[in-house]
Amino acid sequence: MAASAYELLAMLMRYVFVLLGALIVWRSFRWMSRDARAYRQEMRTLPDAGLVGEIVNLATGEGQPLPREGTIGSSWDSDIRIKDSQALRTHARFEFEEGKGLKVIPARRAYMLLSGQELRGPGYCLHGTPLQIGNTTLRVRLFAGLKVPSPVEYPEPDALLGGDSYTESWEGELQDWDRAQGFPAIPGQEQEEYVPYGTGAVPLGAPVDPYLENAEADPAHYEGNYTEDGQMTWQYAYSLQDLQRAMIEQNGASDEAEGVKYQSPLANRRRRRKRHGT
Amino acid sequence: MERKKQRARSDPGRAMLLTVMVFFFLGFFLLAIKDGSWQCFVLSVLVPAIVFFGTTVISRLFPSDKLLLALTNFLCALGVLMLYRISPTRGMTQALNYGVGVVCMILSAMLVRYMPKTKTLTILMMIGSLGFLTLPILIGTETNGAKNWMSVGGYSMQPSEIVKLALLWCLAYMLSQRKYILSILFGGACLLILMLQKDLGTALLYYALCLVLLYASTGSLLLVGTGLAGGAGAAVVGYQMFAHVKARLAIWQDPWQYTQGAGLQIVRSFVAIANGGLWGVGLGLGNAGNSTRAGGIPEAYNDFIFPVILHEFGTIFGLIVLGMYLFIVIRAVMIARRSRTVFYGLLAIGCATLIAVQTFVIIGGNIKLIPLTGVTLPFISYGGTSMVSSLCVIGFLQGIASRNAAGVDEDRALAMEGGGLR
Amino acid sequence: MKKLRKNIMRISLVLMSLFFVLAAYGAYTISINGNRWFSSTVNEYAREKRSDVIPGGILDRNGVVLASADEAGKRSYPAAENVRRATVHAVGSSAFNMKSSAEYFFASYLYGFNLTLPERLGYVFSGQKYHGDNVQLTIDSALSAYVAQIFPSDKRGAVLVMNYRTGEVLTEQSFPSFDPADTAAAPAGSSINRCTQSLKAPGSTFKMVTAACAIENYADYQTRVFRCDGLLQLGSRTVIDAGTDLSAGKITKHGSVTLEKAFQVSCNNTFASIALEIGDQKLRATAEKFGFNDNFLFRDIVVENSSYPLTNRTDAEIAWTGAGQSALAVSPLHMCLIASSIANGGVMMEPRTLIAVTAQSGARRMSFSEKVYRRPLTAAQAEILKGYMRGVVTGGTGTAAAVSGVKVCGKTGSAEIDTQENTNAWFVGFLDESASPYSLVVVVEDAGGGGSVAAPIARQIFQWLIKNASAAK
């Protein structure tokens, strides 16, 4: 009798065990989906999560988000992708080190310049450090608030842009444009600052209106954009009002009045880029 | 009182922990009614206590993944329950193993959480693990055709279980430094030693780990394809060289021809599963676990614990257990995906691979999906080294999870500080 | 990092799929094989549990009790001795491990493994032993007794009769048989069920498959003429016809024959040349359509798998395969299934032995329904083959099976076995009558030609079936 009583009890309990097990699995499932949702929501409020800054391509003005660790190279799955015939598929890798800066380790047989000097072993980048790979010049920008040493003096941007590789790339046109056309000075901002960042000054694909009628509607005005897949692109645009004001201040009066049609230097740049297919 | 209620509602971990503890209290209590032994009554309190300890202590120390902890502890305690059912002495030992394992889990979590990854540590680990792995060849004992056990001071252990963790760490470190050649050489050396020990199940596990980590860091299908081809070649060579591999394969093709000999285990495992049916025969009523009884599965406590679970708890419960393993793996993958650096990403996906592949290899062997190879079922099988190494894998994951959480905190602090670029 | 994250997601898909493969394969294999595992002879758990349970009774299709049990749980066999002997291979005996018998294969019903918790509670509170369910088989005990009576008592062999419309097995008999009430006197080898467990070369009965293959692959099968010179030399081996004795210089020749004629006279040379011409691949494809090389997992009957040889395919082997020799291995039940599919318009029904399981309370716990196993032929092809088989009985090798006034179709076979003096006599056939849709197979081992030994037995069974058509419904 005792044995059969135990048998019945155990046979009853097996349903209880299955029930409890199913409960645990069900709870885990709910927990996991909730947790994933919460994490996604949190990541939405922290667009810079996992990033330490960005790397700007000075030629195009495009910025690419900079994770803590990753690779620089021409392959499509590099974290920092550079379209340059002289760049290797994985040209260098980098990792952010607390208190030291962004450690860049070039791959074997990879030639690159850090602050204008050839990098043969690991080197550290701080905020503003320029990197040159092939014909491409990159500049590292780190977030404020990270524990890194303060930036040191770097060569003038002119020196970076005026290098041999640069002239080759643009076949001298850019320099011609820089010197001959002249860039309108913007009040309160120095030439040294805007040249590197201003080179890609107009949002890609936006119509350039030299008379700046739609300036107010420009969404990319000094803003970083997030594309749908979470990638961050920065597009630098001088305020078109600023440009307008600067033009007026320089020329005193409307260009049209004097019969000179103002050719936006930026539009010019855009056309050239198209021609070269960069 | 009101606050307590609110906390309980907001924290899914409490309800889960309570469910797990109730499950094992009931389980051991049922066995205690059957046996009437005091040990079992002690265990019915002790095991839920270890579950409580193992789930809560780490989350007190640093932010951790409580779901992962709850599931792991459930499986470990299920192992203790089944082993006690099979043999009370083994069950008591396993309860001890479980306690030691929980401590090791906490220590390994702290290692990952606080220890910076350094080159010297990795090099030391590499040398140590190669040496440790060769030891059983020199002083080991042979069981089931494989020479992978050794006994130190009366306590037998399986070095390959511990070296598994070192291999994972070293490979993750080297691959994060993009030292591919070195890591392939190291992985190959470990595999070769295991082949010499004829420990093919563990070799399969190491091999899968190496392949997965290589693929994760390079993404090169060519490399993985070469690795697979090499593995297939090694399998053919192993088939030609080792008699017990041939025997295993023959048994896999038709175990029913060998019901009185080497195929006895798997045939009895089938019969045990069939007897269990959907709902099982009831805890304490089966015969599959006890190899001294007629129809008992030999080595049920080790390789064949899963059929015993299916026998006594039923196929539905078996699917539930499988689901728990799946959730553990999904959780590990999530941790890998959220990790901030390559090293921790690789370490976490390696942990996921170890658990998933080991579970697949042994349960697949139990139900004749693949040829049977002797690896333990993580968390559940009897054995101190197995328990410690599986729980250390979870410890690694906890450490990485806490690092991820710390990273998110940092991001939040950065965002508060004004965020963005200088 | 970008690459790593992407790769991690890919790897995770692989890792998760491992679990899905495990769960899916596990569920599949347990649901398919679970009953076979349970009823296997090494199931000690079930053996242990059986001693605590009063086993349920086993009934034939008309309600005749073939096996029952007393209050202590001891099996008894209340039917008459000739019925006991005739049904023992279907019913089984607790003394032998007969894995295809009801005693083993339906143990989960007979020994109360499927009792629900409330039922168990009822038994425990009333202080009784558990009582297993009653099982009703499709077996007809009267037919079985008749078949046992007419089968030559000194021969080994097998007889199986089934309803080709529903797949119900009316009798499955293996000779020699034994009395389950007196197992000590059982002759050696009598516990093997030769209908389902013993695989043999089918001999000329396989020409049904070869002919089906020819009909499928020759557009002009009706008019095509084959030449039979009595000898077909292939390497060192020769295909000869029945009656040819090379040492005595006697050669059987059929001359120019059509497919239909060749089928009727069972011309080995024609079917060998058909097999060679069409090729091994297509012949095997047709054979596999009929269930060769398939894993038979029928719901309530255990049958050994038939095999069409896959290795050592020389021309001589292929030619002999077309005539039903070579390394072909078929159980009589499977041969009967092939004839049944021809009889049933190309639809092969799953063979069944179980009608219903009834609880001791009288409630019907489960009933079993018919199920199509496969469709090897189109209705038109089946009709043509049916005509050929009719021709065998009206004017071919199987005239001894003919019953006047009834359409009997069939195919004889005389399979050579190397270790035996005489051939195995086969007859496979069916009644092409809607009132009595029965097919049968008769195999008499080591006895001689199918037309002379097996066909007369088949005729007597057909006659009984027609006479008792209403009784054996």
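1. A quick convention before anything else: a residue is called buried if 20 or more other C-beta atoms lie within 10 Å of its own, exposed if 12 or fewer, and partly exposed in between. With that in hand, take B:Ile316, which has 19 C-beta neighbours inside 10 Å and therefore counts as partly exposed. Please keep in mind throughout that this is a predicted model.

2. Staying with B:Ile316 for a moment: this residue sits in helix α14 of chain B, which covers residues 315-338. Leaving aside residues up to four places away in sequence, B:Ile316 touches B:Leu278 and B:Trp279, plus A:Val18 from chain A. There is also B:Gly277, which is 39 residues away along the chain, yet its C-alpha atom is 8.7 Å from that of B:Ile316.

3. Now the contact between chains A and B. Here 38 residues of chain A meet 46 residues of chain B. On the chain A side, the elements supplying at least two residues each are α1 (2-45), β1 (51-57), β5 and β11 (136-142). Which of them gives the most? That is α1(A), with 21 residues. Sorted by class, this side of chain A has 20 nonpolar, 12 charged and six polar residues.

4. Chains A and C also touch, through nine residues from chain A and eight residues from chain C. On the chain C side, α1 (2-38) and α6 (117-125) are the elements that give two or more residues. The largest share, four residues, comes from α6(C). The class split on this side of chain C is four nonpolar and four charged, with no polar residues.

5. Inside chain A, have a look at the open sheet of five strands. Its order is β4-β3-β5-β6-β9, and the pairing is mixed. The edges are β4 (80-81) and β9 (123-125), each of which pairs on one side only. As a reminder, strands of a sheet pair through backbone hydrogen bonds, either parallel or antiparallel. For β3 (residues 69-73) and β5 (residues 92-97) of chain A, the sense is antiparallel and there are four bridges. If you want a register check, A:Ile72 has A:Ala92 in β5(A) as its bridge partner.

6. Chain C as a whole. It holds 15 helices and 19 strands. Its C-alpha trace spans about 80 × 80 × 40 Å along the principal axes. How does the radius of gyration compare with that of a compact globule? For 473 residues, such a globule would come out near 23 Å, and chain C has 25 Å, which agrees. Of those 473 residues, 52% count as buried. On the contact side, taking pairs in chain C at least 6 apart in sequence, 68% join residues at least 24 apart.

7. There is a hairpin in chain C worth a click. Strands β14 (residues 354-358) and β15 (residues 364-367) of chain C pair in the antiparallel sense over three bridges. One of the bridge pairs is C:Thr358 with C:Arg364, the latter in β15(C). The hairpin has five residues between the strands, and C:Gly362 takes a positive phi near 100° in it.

8. Next, the backbone oddities. Most residues other than glycine have a negative phi, and most peptide bonds are trans. A peptide bond to look up in chain C is the one between C:Phe175 and C:Pro176, which is cis with omega about 0°. C:Pro176 lies in the loop between β8 (169-175) and α8 (207-217) of chain C.

9. On the phi side, chain B offers B:Lys198, not a glycine but with a positive phi of about 60°. Where is B:Lys198 found? In the loop between α8 (180-197) and α9 (200-218) of chain B. Buried or exposed? B:Lys198 is partly exposed, because 19 other C-beta atoms lie within 10 Å.

10. B:Glu299 is another non-glycine residue with a positive phi of about 60°. You will find B:Glu299 in the loop between α12 (264-276) and α13 (305-313) of chain B. B:Glu299 has 15 C-beta neighbours inside 10 Å, so this residue counts as partly exposed.

Note on methods
Residues numbered from 1 in each chain as written. Chains lettered and ligands numbered in written order. Predicted model: local features only at pLDDT ≥ 70, side-chain atom pairs only at ≥ 80, totals over all residues. Pairing = 2+ DSSP bridges. Contact = placed C-beta atoms within 7 Å. Nonpolar A, V, L, I, M, F, W, Y, C, P; charged D, E, K, R; others polar. Rg over C-alpha atoms; globule rule 2.2 N^0.38 Å.
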